Amino acid sequence: MVLLGLSASAALSPFGRGSKCWAKLFPRSSGRCAANVMLFTRFPRKGFSFVASGTTGNTGGIVQTSEGETAMPSYKWPDNRKPRICILGGGFGGLYTALRLESLVWPNDEKPQVLLVDQSDHFVFKPMLYELLSGEVEAWEIAPRFSDLLANTSVQFFKDKVKLLHPSDHLGTNRPTRSGCGGTVHLESGSVIEYDWLVLALGAEAKLDIVPGAAEFALPFSTLEDACKVDRKLRKLEREKFGKDSSPIRVAVVGCGYSGVELAATLSERLQDNGIVQAINVEKTICPTAPPGNREAALKVLSSRNVQLFLGYFVRCIRKAGEFEDSEKQAAVGGDNDIGAEQDLDKDDDNFFLDLQPAERGLQSQVIEADIVLWTVGNKPVIPPLEPCDQPYAFPINGRGQAETDETLRVKGHPRIFAVGDSAALRDASGRLLPATAQVAFQQADYAGWNIWAAINDRPLLPFRFQNLGEMMVLGRNDAALSPSFIDGLTLEGPIGHIARKMVYLIRLPTDEHRLKVGISWLAKSTIDSVASLQSSVTKVLSGS
């Protein structure tokens with residue numbers, strides 16, 4: 001029995017294309033899951049609501065409502081005879097798994113149906129988000145639409161957010177059958193997707209709840225929306241302070257791992273003498289896990305751009321400037337006066353204070369001021385809840401919130417579910433957890449695609465073996481550091497490292513068509529910059545003579 005609540009005025013809005021699109025996607029239930037599905041969804045839209053009821057299962061059918069509308073509860077796969085693969089998440093792990101499955105040769109016309117689900121319209125090449133702030137790349141180059149990337153493939157894209165999972169592979173065998181399914185995915189829109197094979201690749205989100213004030217006042221930097229928000233905030237500050245005899249723009253970057261250092265280097269170059277970048281790290285050094293060459297190159301760049309490093313400190317709390325001043329006054333008078341009642345804080349005041357506490361002995365507590373606070377510390381993997389939530393259905397989750405997998409990337413206890421990227425907890429040969437990096441997710445996607453092919457075709461699955469190819473970091477518009485793993489002690493710095501990094505990432509872009517477009521765009525920009533530089537040099541020579 002299905003219980004489905006909809007809003008009549010919503011025009012079936014998860015697709016925004018009217019009832020024809022829904023009729024195409026949800027004409028009837030595929031009937032491959034024997035279990036009944038119960039679902040209630042409410043769309044917070046204006047207009048009246050109605051409730052529809054119907055059945056799913058082998059009978060299938062369209063649900064008619066009392067208003068004469070049609071409610072379509074289940075996603076319609078084009079061909080019920082072929083394996084159905086649902087991939088949750090369109091990052092490096094999810095998208096590249098889908099493209100890997102598309103590239104494989106499938107025997108006897110058994111090519112599976114692949115559905116990619118993501119809450120965003122865009123794939124984001126996260127290692128190059130920093131170049132959006134420096135103006136070196138355009139958004140379409142590093143954040144193309146899924147519809148464009150998948151246009152020449154059989155992979156279907158579905159924009160929605162995952163609500164919960166209902167796996168059933170713990171009940172049966174490894175192989176999907178014609179009469180059953182691996183489980184169902186329930187989406188926020190109310191749609192239900194039956195699958196034979198599932199790939200968890202939902203990535204991670206910023207963890208801002210570990211320090212008071214971080215969720216309210218700090219900006220994360222891990223999505224396209226985050227980067228655009230930071231850029232808008234910087235532009236606003238630059239306009240306000242342009243040409244004025246005022247204090248410089250103060251930026252606080254919390255965390256000095258790769259992300260924090262790349263942000264600090266990029267912003268210090270962008271702001272130059274008009275800004276002060278302050279970077280805070282609980283460790284006594286930056287990028288503690290980076291190769292020495294990368295760390296030294298980064299320290300040299302940060303020092304040359306006068307980035308203020310607060311090493312060995314952690315942030316105790318973040319407060320707005322008005323709140324900080326009130327607390328100081330209250331402390332001065334013993335806290336007897338209700339200053340909050342006497343003074344209305346300016347809600348548009350963008351100044352913040354960060355209370356820094358020493359993580360080691362020998363350091364003094366400090367308070368620093370900032371116009372913008374960027375948070376790069378900590379993240380939490382996105383693993384949707386399961387239903388039912390009793391013991392047989394539970395995922396083995398580690399302390400970081402990642403699903404425990406075996407060496408073939410299958411979730412333990414769930415042979416039809418694979419996990420990659422931030423969603424997967426997999427250890428290397430030495431027993432250490434693999435880092436949650438784009439390089440790891442990219443390689444895992446290749447194995448996940450192959451192992452799904454092998455499982456469907458009764459072939460042995462391959463154990464994942466991570467091959468560290470090296471580490472790279474951007475340090476400015478024409479500056480980067482690259483330490484390849486296959487040449488011990490070698491680090492490419494400056495313009496050479498920058499060119500090498502861009503070439504590596506160009507090769508890593510998702511499709512041949514997109515690589516060609518971006519390559520032409522970058523070549524054109526490089527040519528224009530070279531001509532402009534040459535003209536500037538010639539002008540200086542002529543003016544000097």
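## Two terms to start with

Two strands count as paired if DSSP finds at least two bridges between them. Helices (H or I, at least four residues) and strands (E, at least two) are themselves DSSP runs, numbered from the N terminus.

## What you are looking at

This is a predicted model, in which local features need pLDDT of at least 70 and side-chain atom pairs count only at pLDDT 80 or more, while totals for chains, interfaces and linings use all residues. Residues are numbered from 1 along each chain as its sequence is written, and side-chain values use heavy atoms, with hydrogens and water left out.

The chain holds 14 helices and 27 strands. It has 545 residues, and 48% of them count as buried; buried means under 20% relative accessible area, exposed means over 50%, and partly exposed is in between (1.4 Å probe, protein chains only). A contact here means heavy atoms within 4.5 Å. Take the contacts with a separation of 6 or more: 70% of them involve residues 24 or more positions apart. As for the outside, the accessible surface is about 26,600 Å², with 52% belonging to carbon and sulfur atoms (areas come from the Shrake-Rupley method with a 1.4 Å probe, and for residues only the protein chains shown count as cover).

## Strand 6 and its neighbours

Let's begin with strand 6, residues 113-118, where six of its six residues are buried. Both faces are covered: Q113, L115 and V117 lie on one side, and V114, L116 and D118 on the other.

Strand 6 has pairing partners, too. Strand 5 runs parallel to strand 6 and is joined to it by five bridges, with I85 partnered by V114. Strand 7 (residues 156-159) also pairs with strand 6 in the parallel sense, this time over four bridges, and there V117 stands opposite F158. Add helix 2 (residues 92-103) to strands 5 and 6 and you get a right-handed β-α-β unit. Right-handed means that, with the strands pointing away from you, the path from the first strand over the helix to the second runs clockwise.

## R84 and its two partners

Side chains of opposite charge can pair when their charged atoms come close. A salt bridge is counted when a side-chain nitrogen of Lys or Arg is within 4 Å of a carboxyl oxygen of Asp or Glu, and the whole structure has 25 of them.

R84 takes part in a salt bridge with E194, at 3.3 Å from N to O. This pair links distant parts of the chain, with E194 in strand 10 (residues 192-195) and R84 in strand 5 (residues 84-88), 110 residues apart. R84 also forms a salt bridge with D196, where the closest N and O atoms are 3.3 Å apart. D196 sits in the loop between strand 10 and strand 11 (197-200), 112 residues away from R84. Are these residues buried or exposed? E194 counts as buried because its relative accessibility is 5%. R84 is buried at 0%, and D196 is buried at 0% as well.

## Helix 13 and more salt bridges

Another salt bridge joins R501 to E131, with the closest N and O atoms 2.5 Å apart. R501 belongs to helix 13 (residues 494-508) and E131 to helix 3 (residues 130-134), so the pair links parts of the chain 370 residues apart. Both R501 and E131 are buried. Elsewhere, D231, R235, E238 and R270 are linked in a network of salt bridges.

The buried residues of helix 13 include G494, G497, H498, A500 and R501. Its 15 residues should span 21 Å at 1.5 Å a residue, and its end C-alpha atoms are indeed 21 Å apart. The expected span is 1.5 Å times one less than the number of residues.

## Helix 9 and its cover

Helix 9 (residues 292-304) has 13 residues and reaches 18 Å between its first and last C-alpha, close to the 18 Å expected. Its buried residues are G293, N294, R295, A297, A298, V301 and L302. An α-helix has 3.6 residues a turn, so residues three or four places apart point the same way.

What covers the buried part of helix 9? Among the elements are helix 8 (258-271), strand 16 (308-311) and strand 25 (470-476). Just after helix 9, N306 takes a positive phi of about 60 degrees.

## A loop residue: L433

Finally, L433 is found in the loop between strand 24 (424-425) and helix 12 (438-456). L433 counts as partly exposed because its relative accessibility is 21%. Leaving out residues up to four places away in sequence, L433 touches N398, R400, Q402, A425, L426 and R427.
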